[in-house]
Structures are given as C-alpha cells and as structure tokens.
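Colleague: Could you walk me through this model and tell me what stands behind the words you use for it? I would like the reasoning as well as the labels.

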Amino acid sequence: MKKAMPKEEQRVFFPSDRAKMIKALGKEALIENLRRMLMIRNFEIRAESAYQQGKVGGFFHAYIGQEAIQTAVLQAIGPNNWFATSYRCHALALLLGATQDELMAELYGRSTGNAKGRGGSMHFYTDRLLGGSGIVGGQIPIATGAGFTLKYQNNKDEVAICFLGDGAVAQGAFHESLNLAALWDLPCIYVIENNLWGMGTGVERAISVDRLAEDKAPGYGMKGYTFNGMDFFNCYAGFAHVFKEVKETSRPVLIEVVTERFRGHSISDPGLYRSKDTLKECMQRDPILILEQALIEAKMIDSEQVKQLDKIEKDRAVAAMKYAEESPWPNPVTLEEDVYAP
Amino acid sequence: MAGKQIVEMREALRQALDEEMTRDERVFIMGEEVAEYNGAYKVTKGMLEKWGPRRVIDTPIAELGFAGLGIGAAMTGLRPVIEFMSFNFSFVAADQIISNAAKMYYMSGNRFSVPIVFRGPNGAAAQVSSQHSHCVEAIYSNFPGIIVIAPSNPYDAKGLLKSAIRDNNPVIFLESELSYGDKMEIPTEEYLVPIGKANVVEVGTDITIVAHAQMVTVCRIVVKELAKRGIKAELIDLRTIKPLDIATIMTSVRKTHRCLLVEEGHVFTGICAEVAFEIQEHCFDDLDAPIERVCQLETPMPYSKALERETLPNVDKILARALAML
C-alpha cells in the first residue's frame, strides 16, 4: 500500500505573491474574475436543481469547487487559444463565451442548445473549445493535434490547453500525447485538475506517484508545475508564467492543480467514500470565498456588492432555466441530419 | 489526346497523395515509417525528399496518440492522411476513431467536422497469422459518421483516395497488401472517382456477384470460369462500402434474379449480411433463389498456408457456390 497523498499544507506550490497579483490585475479585472466564478457556481447550482426536477437527463458533472482554475486560465491566456477538456466542461464553455441560455437549453435537450440537443452535459463546444470529451483522457490527443496545427501554421501567438482529471493520468492517451508533444515541441499546456478522486477511487489508489505533474513531467523532458487550485491568485500567477514560457520555448508543459470538488463525481454519486468532516473541511477552502475575502480585505469590494453580483448571476441562471424550458424540442425530422459534414 | 501510364497500386496511391498535397497546403501524411523508410509498403516512396519533414511525418509507434493527434489537427483546420502500417493496428487507436472522429460533427452540433483519412493495408496478406489479418470494414461500417472505402484496382484507388482527402468526413480507406503490386493502365491527367458509387466490372445476365477489394480480383477469375460454362455473371465492385450503393446492386439483381456475395472478412455481421438484407428489402420478389455468400470462416486467421487457404474465400469455393445456385 503506497502512502497517502500529501496533504495540501505539505505540498509545495508555484511561488506567488498575492499582494503583487492584486496590484497587477487591478480592481476591475479582479471583480470580473469573481463574477465569472459566481457565474459558474450559480449555473451549476441551478442546473443541478433542474436535474433534480427531472428537466435534465444523463450524466452531470459539476465544476463546483474548482472554479478558480479555469477562470484564472482565461485571465492569464485569454480566449484566443485552442481548448479541450473532459466531461466536466460547463465552466470552460461559459468562460469561452457560450451563454447560460444555450448551455442550459443543451442540458434540457432542446433545439436551441449549444450542440442542438445532441451532446448534453458532457459535450459543450465553442469556436475555440474542442469539446467536453466523454471518454476519460480522450481529449488529450485532440488538444495535442490542436498544438500540432498551431506549429504547422507557424502560429506563435497561441497555445493548445488541455484540461484533464487526475484519473486520466492513468490512461495510455496521456502518455502517448505527452511523448508526441515533447518529441515535436508542440505548444501544448496540459493541466491535470487533481480533485483527489477518480469517481470513488482516491488518486493515491490510482496513480503511482504523489506529484502528478512534477514527478511525471521529467520522464518526458518537460517542465512540471504544481498550483493551488483553491487560490485564484496562485493559479493566475502560475498560468501566466507558463503561458509566457510555452510561447517563448514552444515546449509543452505539464501542470497539476490541486483542487477538490465539493460534489460527487457526478450528480448520481452521493460521495459516500468521503467523510462529512473531510468535505466540510474542504468546503472551507472554497475558492470563491478565498477570492472574495481577498478583495474585501483589499477594499475593492464589500460583502453587500458581492451579494449583488451573486444575485445577478443567480437571476441569469434562473432566466436560463426559463429560456430552456420554453425552447422547442428538436424536431425529429432533423434526427438524421448532420451525421456527415457537407 | 489523353495520356496513359501503367502503374502499380502503390504508385497510384502515391500520385493521389502527391497531387492532393500539391493542390492543398493543409494536407499532410503521417504514420509509422512513412518518411525516412519511404513507407513500409513504399506507398510514400520519395515523398519525404520532395515535401520535407513538415508534411511527411514519421511517428513513434503510438497509434492512439497519432490518430488522435490527427483528429485534433483536422478539427483545427488541417487535412491529415494517417497511415496505419496495418489496419489491425487501428484497434489500438479505436477509441479516437470511434468516439472522436466518427461522432464529432454530429455531437458538436455541426461545429467541428473531421476531414481526415485513415489509410493502410487491410485483411490478410500471406501467413501473418491472426493479429495482422483481420478485415476491419464490418467493424468501422457500424459507426454512423464514418465513410468506408475499399478499392480493388489502381484506377479506383487513385481516384477514390483523392476524393477521400477532399471529403469533410473521417474516411477509413482500406488497401490490400497483396494488391500493392497490381498493375493497370490509368490516365496521366487528373481524375476523381466519386465516393458512394459501385462499379459494374463485368456485365452479365445469369447471376450477380458482389465483392469488394482483393475479392474482386478473385471473382474476376470466377466470372471467366463461369463464362467457359456458358454462364454470364455480372460482377459488381462495391468500391465504397459505406455509404453503400444499393441502387447499382438492385438494378443488377432485378436483371439476373440471383445474387452471390463474396467477402474476405468473417461471416458473422459481415458486409454481406448487410448487403443481403438490403437486397431482400428491395428485391424480394425479384429473387429466383436464396442469396448466398462466401466469406472467411469463423476462425482467427491461422498461420499455416494449408489452413489459411481453407478459411479464406477462393476461386474454387466461390465457383462451386455460384454453380450450385444456377
């Protein structure tokens, strides 16, 4: 039996200076990032409630607890890059400009949905989001191919960024993709969002090393980093550093972001493998609370204004439920359309 | 005056690749040993020298990785041609082909098409045993979103590969190791062969024989043998398996009233099973005899040539079955 994962306090994260980050980003950008995290949280909560009401079917994987990570990525690298992620894809689609309306309508299986009601919760897209992938690790070669295209086109302004869970590190697609990206100097950033659980199997029972990026990356001649996924500032500092590095070197990078989902693996997972005390403890490290506190301390916002932001996002998500509910079902006449591209 | 040239199948394929790479800067070829080694079967001979390593790319032995990378490249604006040294190695890459390439355009609500060609030798060669001999067409034809092409001669191979590269969907392009050296006279000018059109290779009135790929070559001998006995067989080369050109088959069966299906792959849920079902759907009243088939027996491919010969369809078996139907 290998030893348990190191506790968060024992981990060594990428060094970052919160005060410096606050100063560098400024009030407007920071409030916008807080708003985006509240947008994700509120969307997921409302979507979950729609699921409980029987409005949404299939599998449903919430990003609740992990919001700081992809929000920080967008702040650090911007939307004009290639993105790919797993089935836990709602947040990234929102951050890349998909509307709450089209995403909620997709969850409701309506014709106005993000993928015309064909993809559902696990398959959201935007013009730069190559999808939520339903197969663990299936998106890693896809993102690697996007990096290949950038290099083929001699595009040095963009990168391909791939999000995967800790469970995907065990897949062959992970190994083959990293080997290819490192071999061919592809501008790819691989981000392992280590939420400590591959469904109900703890990461220490699935992966043979403790530090998913820093222990694995050297085997591919790549750099590896570890970020604190609960801390927006640490994520932002880290991603900004890596983005610059990849653009300069065209070398792929592997990142582990330690986080914790506050929900089960999917909506049908009661999470019995995790004690209530452990969950309670991790929920005190809520990335939204941490950012909110920091901004309040920096006197950029007060708690009343946070409540207002939260309410606006809540109302938007509720309005999206209404939009979805009132949207037409896909016409069965269209069922067999678009199996092949023209 | 249209020029003619006599070329082997491998050269016809190479010309198709070369012409499409000339026509479209987004086309590249990637696979194991395609560049410095000049291709395991020499289909890409000389291409590295002409096009350089940016567009003729040797990969590590990682089919899942480079097939998936190709799909990602196709989704982001390129038009990859991925060579499998044997289509049996595509099983290692199956998740990427099936879960990503086949489903992406539909699943993404038309947002991302996947214009990619997977090509390489399919089915049996000579005594390479079971892990290198499987015919994959029945497997991949089961996935909506995939086009499956299996040419039988150099003319079709060139014209269909060019069409496949220009198509905006994932194409499984099946070649035969035993056919790479087959020679044929083809035009020197550019031409295309359309996807989804079967070809009536021999015109006849007494029985329709339907085959694809290497089996068409075998069936040509069968047709000659039947002719010696005064029987006029019509031979149809499917060329494209999916989408299936059932109309050409229907027209023929309505004329001959008898149909024999031949397939190198296995009997169970093979291409013949689908073709036969569609014939009975459309031509039930036209048939004067039950549809028959000659396929590979239900065994993994044995190594010994004495056994290999027995499990595959051959001239004797096909001829005997055809004669029994008349």
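**Labels and their reasons**

Modeller: Gladly, and let me start with a helix pair: α8(B) passes α12(B) in a right-handed crossing. Please keep in mind that this is a predicted model.

Colleague: What makes α8(B) oblique to α12(B)?

Modeller: Helix α8 (residues 214-228) of chain B and helix α12 (residues 315-325) of chain B pack at an angle of about 50°, with their axes 9 Å apart. Roughly parallel needs an angle under 35 degrees, and roughly perpendicular runs from 65 to 115. The angle of about 50° fits neither class, so α8(B) is oblique to α12(B).

Colleague: Which residues meet where α8(B) and α12(B) touch?

Modeller: From α8(B) come Val218(B), Cys219(B), Ile221(B), Val222(B), Glu225(B) and Leu226(B). Their partners in α12(B) are Val315(B), Ile318(B), Leu319(B) and Ala322(B). By class, this contact has nine nonpolar, no polar and one charged residues. Glu counts as charged, so Glu225(B) is the charged one.

Colleague: How do you know that chain A agrees with a compact globule?

Modeller: With 342 residues, a compact globule would have a radius of gyration near 20 Å, and chain A has 19 Å, so the two agree. The C-alpha atoms of chain A fill a box of roughly 50 × 50 × 45 Å along the principal axes. Chain A has 10 helices and eight strands.

Colleague: And why does chain B agree with a compact globule?

Modeller: The expected radius for its 326 residues is near 20 Å, and chain B has 20 Å, so chain B agrees too. The C-alpha trace of chain B spans about 55 × 45 × 45 Å along its principal axes. Its secondary structure comes to 12 helices and 14 strands.

Colleague: What share of the residues in chain B is called buried, and why?

Modeller: The share is 55% of the 326 residues. They are called buried because each has 20 or more other C-beta atoms within 10 Å of its own. In chain A, 52% of the 342 residues count as buried.

Colleague: How many residues does each chain bring to the contact between A and B?

Modeller: Chain A brings 33 residues and chain B brings 33 residues. On the side of chain A that touches chain B, β2 (129-133), α5 (139-152) and α6 (172-183) each supply at least two residues. α5(A) gives the most, with nine. By class, that side of chain A divides into 18 nonpolar, 11 polar and four charged residues.

How values were computed: Residues are numbered from 1 along each chain as its sequence is written. Chains are lettered from A and ligands numbered from 1 in the order in which they are written. This is a predicted model: local features need pLDDT of at least 70, side-chain atom pairs count only at pLDDT 80 or more; totals for chains, interfaces and linings use all residues. Two residues are in contact if their C-beta atoms, placed from the backbone, lie within 7 Å. Helices (H or I, at least four residues) and strands (E, at least two) are DSSP runs, numbered from the N terminus. Axes are lines fitted to C-alpha atoms, for helices over the stretch in contact, and angles run from 0 to 180 degrees between N-to-C directions. Angles under 35 degrees count as roughly parallel, over 145 as roughly antiparallel, 65 to 115 as roughly perpendicular and the rest as oblique. A crossing is left-handed if the near helix is turned anticlockwise from the far one by less than a right angle, and right-handed if clockwise. The radius of gyration is taken over C-alpha atoms; the globule rule is 2.2 Å times the number of residues to the power 0.38. A residue is buried if 20 or more other C-beta atoms lie within 10 Å of its own, exposed if 12 or fewer, and partly exposed in between; C-beta atoms are placed from the backbone.
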